[in-house]
Amino acid sequence: MKSCGVSLTTAAVAFGDEAKKMAAGKASRESEEESLSLTVEEREALGGMDSRLFGFVRLHEDGARTKTLLGKAVHCYESLILKAEGKVDSDFFCQLGHFNLLLEDYSKALSAYQRYYSLQADYWKNASFLYGLGLVYFYYNAFHWAIKAFQDVLYVDPSFCRAKEIHLRLGLMFKVNTDYKSSLKHFQLALIDCNPCTLSSAEIQFHIAHLYETQRKYHSAKEAYEQLLQMENLPAQVKATVLQQLGWMHHNMDLVGDNATKESFAIQYLQKSLEADPNSGQSWYFLGRCYSSIGKVQDAFISYRQSIDKSEASADTWCSIGVLYQQQNQPMDALQAYICAVQLDHGHAAAWMDLGTLYESCNQPQDAIKCYLNAARSKRCSNTSTLAARIKFLQNGSDSWNGGQSLSHHPVQQVYSLCLTPQKLQHLEQLRANRDNLNPAQKHQLEQLESQFVLMQQMRHKEVARGLHKSQSSCLSGPNEEQPLFSTGSAQYHQATSTGIKKSNEHLTLPSNSVPQRDADSHLSSHTATSGGQQGIIFTKESKSSKNRSLVPETSRHTGDTSNGCADVKGLTNHVHQLIADAVSSPNHGDSPDLLIADNPQLSALLIGKANDNVGTGTCDKVNSIHVAVHTKTDHSVASSPSSAISTATPSPKSTEQTSINSVTSLNSPHGGLHTVNGEGLENSQSSTKVDLPLVSHRSTSQIIPSMSVSICPSSTEVLKACRNLGKNGLSSSCILLDKCPPPRPPTSPYPPLPKDKLNPPTPSIYLENKRDAFFPPLHQFCTNPKNPVTVIRGLAGALKLDLGLFSTKTLVEANNEHIVEVRTQLLQPADENWDPTGTKKIWRCESNRSHTTIAKYAQYQASSFQESLREENEKRTQHKDHSDNESTSSENSGRRRKGPFKTIKFGTNIDLSDNKKWKLQLHELTKLPAFARVVSAGNLLSHVGHTILGMNTVQLYMKVPGSRTPGHQENNNFCSVNINIGPGDCEWFVVPEDYWGVLNDFCEKNNLNFLMSSWWPNLEDLYEANVPVYRFIQRPGDLVWINAGTVHWVQAVGWCNNIAWNVGPLTACQYKLAVERYEWNKLKSVKSPVPMVHLSWNMARNIKVSDPKLFEMIKYCLLKILKQCQTLREALVAAGKEIIWHGRTNDEPAHYCSICEVEVFNLLFVTNESNTQKTYIVHCQDCARKTSRSLENFVVLEQYKMEDLIQVYDQFTLALSLSSSS
């Protein structure tokens, strides 16, 4: 595996050979060839340069030599490619991509990587290529693709030298995508890594603290921030930002005491922040907000002025100034401030709402309506319903408005006619700079803009004279008759605007955080900060001159009424991230693929080459919305994994599927640091900028290797011999030493698609009449048939005479009333729909809050819920008597129910019934089931794990009220499941076959959801539009639902009922294959697999005689790989002088997982010295151990199995003869 990229030495030598061949017989060109060749010294210098050096090599000042050398190398490679008409080895393109990446020429780097991808079938083996590609995607903020590329790197090479950098960037991207659990995990993985990184440990800890704050875990965030302040040698900028966050949190949240106390704490924190960084405009702004909230108007204005002086262009600050002026009954001054705010950020909902309120107070309803409409159009406006009602009220009553103070000489239309837009201001500057070279039309345009600019200045000076200067002599003047707070007036505004526009056009902004604003009536005193621009922390290892940027985000502040949105992160740049509005001024970031390499169109065409067949060009309508369209080459077969590598399945014909990324946006950090952690940025000020992102399609090539292509017959002696040769002679060509499999990919939707009339197939159901039917062998075969994703066995309880009363709420309370119940608080919704909390739109996200109670308390809630329902039903019957049209009443009720507000319900879930002493009667009753459906049986793979996996090889109970939801999911490691409805109510099930889980995974990604970890409820309309079949049925009391391996399902209770469920693993090739595939997919996604498949495979080899050839081959293949890994790792440790201590295993000892990354650790356990001494045995995998301690000096290695024992198990595991063949 080429984990460290293409060898430049090899490529350079090949370049020399190619050049010699091309120069043969062409003496006249010898001198030219000589000038284009690389010297031996240059080849040696370039030998180790690839994407791994990105961010760690200086190209400015002392690095000028390196930059020149890289430029020469690029020129040489491009010349060779041109002369060979593109017919060169693929490694040339990979190395060319690395060089361009190091030179920060991202479009050229992407073109070269694109070409390498199209030429190199096993591109996935090259970790440096994947890393470089991920960095380019990250630069373009194509997070969907960057995440995939980075995850692939960690999958093919977990010990990759830039793993820390990858974890950091994954943490930041998942944070933006609101996948907070994944974000925290990757930040923590980055934090424990001792390798170098572009951020310090303090900065990573800041991200973790801010992640808690973003999740509204304010006490955890406060604790993390305060812990960070205790760190020795904390950089001043980090300290300033931490104090800023603490101050703003105290202002918005009830963290301490009454309002006066929290404001006092907030002001103290912000003042300390300004002591550490006096130039933080954001801290000055927050301080002004705090002063304003306690009525210190003069101090607030002074702080706002400081904020504008430090950060110049800030819509938030101008909006807050407007609020203060309006509170001081200075409407003209307030108008001026609001105009400044909406000019800086046209989507600033708070400013538009405040401006509308101002017009209302001045009896100008039509202008107020226009302002409210602008506020409602903003993406950051959450109270659109309130605004709509207000607009309707004004429209109906505007004719009666008269009298009072008026702002008629400045209606809304003049906001844009008198105030040049940021784009026009910039265009005016460009025209002035080129005044001598303008054509007649441009000269006329310049005259118009200049005259408009003069009018605007005149208006500003009048406003300043009437308002701002007047305020100097009133309550706003300083104690010593100091200078006016905003005496600069027009000049300051224009400087702020032009400077802000200049800055904002150098980068792309993130999507807004959708911070909701207050209602219009109460908005003036408490409008929310929604945009930024102020200068903040610069967290970077490089000097400013290097243009390298840090990865610390600029995120939107949450206030007390903030919705559950994503923090607006802007600091995630690679290093130089400047996309100018005018594409001509930046040919490397052009508007079309033709501009990828603008200086050499011929080379550009060669680099793009055939890759155009696989690549779609993404175009964004706005700077902050890069939509990437990709043509992805895929197979219909299930994606790669160790199990699929030995499957005998045949790949389906390839097809082309077009997918897209929704609103992947750039993250802005003008000076490379933590920039306005609490702001959203001027995202709409650069709406004219467009970027085309040429994208490398992620093809899912056939990764299913026929089983006979790899021998699984060699003895353990041959395996160990090959492993030893590997250590002595380098990489062996023996087929025993299996190469790593490609990263797994979700399956594409089966082809051809099903017709629309077959998207609601009938559910396979079997009706039992007696015990004999339940134990009839074909029943087992029918349930485990992969063609049946689900089977409903009706009448099971009656046929087997099961006493379901043992699982009734009454019996459970009598047996163990204090037993713990996990409670999920949910919204009561129709089973086939899922609305957002406001009831305005259908969504996939299905959130619930977790808490805990006891069986007795939940039983009381269940009973009271039933009684309440009876009362409501009686009230409805009374109402129905008063209505003649029952149907219309029913439809009205249905409409109201759909649109909310929704009733809150509680679902009792994951109740553990594993204790045989507590639940002896209940568990014994389940032994009446047929063997294939029992919790424990010889034919159940989960019975061979050797230890308890709660909820899988033990029984779990669910206590439900109507509307209780189990969100969409596949069972852990794709095992089958058994679910019995105890009653008395019904449950409604929705089921999708395993073949379509890739489609649902895509839907989850489009909706910013993690398929494995998030809670989601599919929109049936989306599924039917994508030709996904959905089985839908009712489970009645006594019915058993068998969910087959890999089936996707979601369930909602129709009535009051209890359910019991557990998992089973049929001894089939299909079950084992899907379990291992999910094991590998979990590893790729950094998710823990509840079933330790390596441990289970060895136990199966010890305990089970396998007669199915396919299943045998898969298990043997797994044993072969693990035996090889154990032997090579053991020999490497011995060669390094690391002692291996015998530890052994105890009976029923669980399988071990890495305490850091949660991958399964088999046989050789890396345990810290302290943990070993204390006998706590906190286990690490080798990769995490080396990240913590490179030479493993802080670790001991414990061995649980003797190699002789593993060898014996491997050799004795042979294919058993089936009963049919023996007879």
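This report describes a four-stranded sheet with a helix across it, one loop residue, and a pair of packed helices in a predicted model.

**The sheet**

Four strands form an open sheet in the order β18-β23-β21-β22, and their pairing is mixed. At the edges are β18 and β22, each of which pairs on one side only. Strands β21 and β23 run antiparallel and are joined by five bridges. Within this pairing, F1166 stands opposite V1197 in β23. Helix α39 lies across β18, β21 and β23, and runs at about 45° to β21.

The residue ranges of these elements are listed here.

| Element | Residues |
|---|---|
| Strand β18 | 1140–1142 |
| Strand β21 | 1164–1168 |
| Strand β22 | 1179–1180 |
| Strand β23 | 1195–1199 |
| Helix α39 | 1109–1135 |

**The loop after β23**

K1202 lies in the loop between β23 and α42, a helix that covers residues 1203–1212. Is K1202 buried, exposed or partly exposed? K1202 counts as partly exposed because its relative accessibility is 35%, and the range for that class runs from 20% to 50%. In sequence K1202 and H1143 are 59 residues apart, while their C-alpha atoms are 10.0 Å apart in space.

**Helices α8 and α9**

Helix α8 (residues 143–156) packs against helix α9 (residues 163–176) at an angle of about 145°, and the axes are 10 Å apart. The crossing of α8 past α9 is left-handed. On the α8 side the contact includes F143, I147, F150 and L154; on the α9 side, residues including I166, L170, M173 and F174 take part. By class, this contact has twelve nonpolar residues, two polar residues and one charged residue.

Technical notes
Residues numbered from 1 in each chain as written. Predicted model: local features only at pLDDT ≥ 70, side-chain atom pairs only at ≥ 80, totals over all residues. Heavy atoms only, no water. Pairing = 2+ DSSP bridges. Helix = DSSP H or I, 4+ residues; strand = E, 2+ residues; numbered from the N terminus. Contact = heavy atoms within 4.5 Å. Axes fitted to C-alpha atoms, helices over the stretch in contact; angles between N-to-C directions. Buried < 20%, exposed > 50% of the residue type's maximum accessible area, 1.4 Å probe, protein only. Left-handed = near helix turned anticlockwise from the far one by under 90°. Nonpolar A, V, L, I, M, F, W, Y, C, P; charged D, E, K, R; others polar.
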